[in-house]
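Colleague: I'm new to reading models like this one, so could you take one part and walk me through it closely? Pick whichever chain you like and start with the broad view.

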Amino acid sequence: MSLIKSNAVQIGQSPTATQNFTLAVPSSPDGTIKLARGNAGATTQDVISVDASGNINGLVKSTGSTTARSLANRFADVVNVKDFGAVGDWNGTTGTDNSIAWANFLAFLNTSGKIGFIPEGKYYIPTAPGTVVNPVTSSIPQLTNYGNIVIYGEGEKLTTLVAKKEIISPGINPASRAILKIVSCESFSLSDITLDGGFTSNPATLSGWADKDAAALLEVRNCDNVKFNNVTTKGFYGHRDNSDNNNGNFGRSGPILIANCTNGIASNLRINTLLGEKEYSFSIVRTSQ
Amino acid sequence: MNIFGPTTEKINLSNSSFTGAWSGSVLNMGGTGSFNISNLIAKGNISTVNDTTGDPRTSSGTTTWGKGIDLGAEHQEDAFTSHPELKYVNINNVILLDMFSYSLRIIKQDSTPAKHIIINNICIDNSFEGINLQNNQDVNITNASCTKILQYVSISASNGFAYKFSKCKYVRFDGYCAGGETTTYSYPNTTVITPVPTPVTVYSRFGISIDKCENLFVKATIKDFRQCHLIYDVDVADDNLYDGSFEISAIADIYTSPVTFTDFYIFGRSATQRLETLQIFNSLYNNLPLIQNPLLSYFAANSLFQAQNIPLGNPNSVLVQDENLGKITFYNGDVSSSQSGVRSSIESNAADSVGRGAYISFKTSSIANPLTESFRLNSTGSVRYIPMTTPASPSAGDVFYNSATNKLQCYNGTIWNDLF
């Protein structure tokens, strides 16, 4: 095959231009290429293109639907955490640190207003996203003034977010740390997912003491419209921070803290704090919302 | 799970299960209210043997954990001193099992009570407290069941009750509770506690405990509590038993073995510490009518039933309906202190086997004396004026049968006139 040195090559010789295709690069090459319907040199309709980063842009039509859309547009309907680099490979001991991917995922959900999806996998998130607002009272990073956050998993049995176990002071057993603390968001919805505090057995008793590191796995505060559905917690082990009652640190002794929120719906929950599912296992009657 | 904070409101929590809440509650909830809690199952764990954490009766640990549902107390009032009133709570279809400490409690401060509370279809088994309400108003509890509620001796002498109402107003309760069962704690792990305690057996203590409440209606089946089936304020050193109306309708069975039963019902404490009004009706103990003696004097004498110092003075009166005897007795006076009141009764006498002799009689007397029949309406249609001596201080229109003259006489305002 001889080398073609041209910006555009027409494929097909039909007198009907739309039956021919043109493979072309820009007159000022930028690393992109496209396959278009039509004759070279004429107005063409792009069929598929590849940009300089190797991304493929093309139109597809879902089976049974009527309108073709670009793959990029189609994929953007639901935001997938894996698109931000998350890897669900936690094996109970080690796994990818998904803290940055988790933070970027949430930030995009905030700016885009789109729905977030977390596919099957166990995602280890040792550091909650956001910033520490008041280091005197709490060392938990938090997201503040977010918009509408909607996240769903592939199911409680398939999608799990795993928190970090951390030794909080010498001689003290580790406790579960936060996966997410979100404050003053417009709405928050979480469904079909498991939150895992990382413990597989019950440590010795921890009681309350002054500890700015006390954390729930998930904390939602000052939020209107909160919704939890088909959410399981397990393996959580926390303790009370009795140093700052007014900031609700007491509530962080539980796996989920919903504080000063209105219009909340929590249904189909399995709150298994310590022993996971092995101690008290039964089916939840699922209802539509 | 924790849902609270002073501005928390409009929460629907449903179709969920909770377990493994170590030393905390399975659900803490507080705020301004409008809470629907429905279709929940929560389970703790109660160990009866010690482990490496020590005495299972005194601390939660690897084998004993889990408090129940807590609205208002543990993580609200003490954490937020300005916590508001809690209004509109609907708890429906809830099962609470094996709760270390309380199962369901709504405890609020005097200045910020909980109002408009509905608890319906709740089942509690094997706990140290059943339902504990304090400073609750406008409460309707139906279809409640508490079984195997044991006194957890080392934690607090006040537990071991199925239902407790303290400082509550306008409460309507319809439920069941049974004690009876016992649990013995043993200490096989001899390395933990020195000296090794002897095994301790704990019992059910109170079925229903009430103190400082107003306007309660209680309809209950109560069974097998060791200390008292229903008690109104004898434990709390407070002279004010509160005014108000109390209606008790209860069927209870006495637990006879192996524990010794102390009191069946207790109302009030002493001559000066007593309920303002009390109505007891449809009440049985061991399938016997609770009230048989119209003088109520047996209350203090019978160890199985105490109802001390119920005021009977005008206009306060007590109506006692004794279904077995077919008798209605009205009282006007204070029987417990002065014996100066009067009473009247309407009694029926059943017919014999061939239908003869049925009648209704009307009796009166001072409370200190036996009832005396004065008039009888026979089932045959005839009436009988019981022969008697001339009544004192008659009024015009009075009629009696003079036992001295065997004449029926009518008083015209001045003299008695023979009617025949």
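Modeller: Let's start with chain B, where buried residues make up 52% of the 420 residues. Keep in mind that this is a predicted model. Chain B is built with 2 helices and 32 strands. How do its contacts spread along the sequence? If you take the contacts in chain B between residues at least 6 apart in sequence, 61% of them join residues at least 24 apart. On the outside, chain B has an accessible surface of about 17,400 Å², and carbon and sulfur atoms account for 50% of that.

Now zoom in on one spot of that surface. B:Ile346, B:Ile360, B:Phe362, B:Leu377 and B:Val383 come together there as a nonpolar patch, and their accessible area adds up to about 350 Å². Let's follow one member, B:Phe362, which sits in strand β27, covering residues 359-366 of chain B. Why is B:Phe362 called partly exposed? Its relative accessibility is 30%, so B:Phe362 falls in between buried, which is under 20%, and exposed, which is over 50%.

Before you go, a word on confidence, this time for chain A. Its average pLDDT is 83, and 83% of the residues score at least 70. Over residues 275-289 of chain A, though, the pLDDT is below 50, and this stretch still has 37 contacts in the model beyond near neighbours in sequence. Where pLDDT is low, don't read the predicted coordinates in detail.

Key: Residues numbered from 1 in each chain as written. Chains lettered and ligands numbered in written order. Predicted model: local features only at pLDDT ≥ 70, side-chain atom pairs only at ≥ 80, totals over all residues. Heavy atoms only, no water. Patch = residues over 30% accessible without salt bridge, like charges linked within 9 Å, V, L, I, M, F, W, Y side chains within 5 Å. Areas by Shrake-Rupley, 256 points an atom, 1.4 Å probe, with all protein chains shown as cover. Salt bridge = Lys/Arg side-chain N within 4 Å of Asp/Glu carboxyl O. Helix = DSSP H or I, 4+ residues; strand = E, 2+ residues; numbered from the N terminus. Buried < 20%, exposed > 50% of the residue type's maximum accessible area, 1.4 Å probe, protein only. pLDDT = per-residue confidence, 0-100. Contact = heavy atoms within 4.5 Å.
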